[in-house]
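Work through the exercises below with the sequence and the model side by side. Each task is followed by its solution.

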Amino acid sequence: MLSNHKLQTTLEEISDISKIGLALYDENGKQVAATFQIETDMRAEVVNFAASMAESQMLSGFHFFKVIAEQEVEYILLARSTNDEAYMVGRLAVCQIRNLIASNREQSDKNNFMQNILLGNMLVVDMYNKAKKLHIEQAKRLVYVIEVDGRKDSVIVEMVKNLFADRNRDFVTELDEQNIILIKDATDLKTEEDALHLAKTIVDNLHAEAMVRVRVGYGNTVNTLQDIAKSYQEAKMALEVGRIFNVEEETISYGKLGIGRLIYQLPMSLCEMFIKEIFGERNIDLDDETMVTIQKFFENSLNISETARQLYIHRNTLVYRLERLEKMIGLDIRKFEDAMTFKIAMMVIAHMDYQN
């Protein structure tokens, strides 16, 4: 269905050029757009004309026209008859609206087609036959899933569409109330840096224009239509894994998930067994000060002097904290092996907490 805003804009453009007043109604007599104020109620006249056999008619000082698409009456157009040009202008307006309807339906068909591909609802043979009818060419593509903080609205969706309005081989669609899906032609995305730059561009634009926080996950580049669903699932997993292990990250690539991807796919029974093996019966409940200390220690590659400097504490104070931590968890994170074991263990615990 065409938006009333687009119809209003179209009528205003034609009216500005022709100086002919135009009004558009649905077949039930409800006005959907107009360039002037109609003082009388035209509902009965519009409904009667819609039910008649005529395609155009002169009535009550107006030219009535049917806007017919695929043998169905979509709208009734009224052109105010102020001069001899009103009839011609009305016919031109009908043609323009009919073209808009056809374009919108084609776009809707493409949108439904891409939704079915993402959901895996099509056989490969049917997929390529339908793509040929819709003039969708084979190309490298990459799926981005844009997760909106809170419930998205139509304004945000339109903003994403406008970002890629000039690219005929890009598709923006939706499958749920929170995520917007961009199926991007990846011809110009030569490297991982290019894909990341585009993700950051989406985040920055939506934050600046819509004042919303979004996270963008994206999969790997695929070469065939049937593999678009695979890239979509990868993008969704990137967001899910990032939600557990990279909470502050706004852009997450499936190809850069690292060990988080492995841990995410571990069954709970193996996770519980691993944690029990590492910590035994210890209750790992670390306060904020300890967690900040550990984080800085890891950021500085287990360098005690640099970590103490950045935390503004004495070196001996840091050593004391690390020794106290060793007694609590049974691991000396000053040693590389123990540090890696602890880091993996904390990721496993985060995964278990998220699943619970």
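How many salt bridges does a search of the whole structure find?

The model is predicted, so local features need pLDDT of at least 70 and side-chain atom pairs count only at pLDDT 80 or more, while totals for chains, interfaces and linings use all residues. Residues are numbered from 1 along each chain as its sequence is written, and side-chain values use heavy atoms, with hydrogens and water left out.

Step 1. Apply the criterion: a side-chain nitrogen of Lys or Arg within 4 Å of a carboxyl oxygen of Asp or Glu.
Step 2. The search of the whole structure gives 16 salt bridges.
Step 3. Take the pair Glu-137 and Arg-169, whose side chains form a salt bridge at 3.2 Å, N to O. This pair links distant parts of the chain, 32 residues apart: Glu-137 lies in the loop between helix H4 (124-133) and E6, and Arg-169 in the loop between helix H5 (154-163) and E7. Helices (H or I, at least four residues) and strands (E, at least two) are DSSP runs, numbered from the N terminus.

**Exercise 2.** Give the strand order of the sheet that contains E7, and find its edges.

Step 1. Strands count as paired if DSSP finds at least two bridges between them.
Step 2. The order is E7-E8-E6-E9-E10, an open sheet of five strands with mixed pairing.
Step 3. Strand E7 (171-174) and strand E10 (251-253) each have a single partner strand, so one side of each has no neighbour in the sheet.
Step 4. Within this sheet, E6 (residues 141-148) and E9 (residues 214-218) pair in the antiparallel sense over five bridges. Glu-147 has Arg-215 in E9 as its bridge partner.

**Exercise 3.** Do the same for the sheet that contains E1.

Step 1. Five strands form an open sheet in the order E2-E1-E5-E4-E3, with antiparallel pairing.
Step 2. E2 and strand E3 (56-59) are the edge strands, each pairing on one side only.
Step 3. E1 (residues 22-25) and E2 (residues 31-34) run antiparallel and are joined by three bridges; Tyr-25 stands opposite Gln-31 in E2.
Step 4. These two strands, E1 and E2, form a hairpin with five residues between them, and Gly-29 in the turn has a positive phi of about 90 degrees.
Step 5. At the other edge, E3 is joined to E4 (residues 62-69) by four bridges, also antiparallel. The bridge partner of Ser-56 is Phe-65 in E4.
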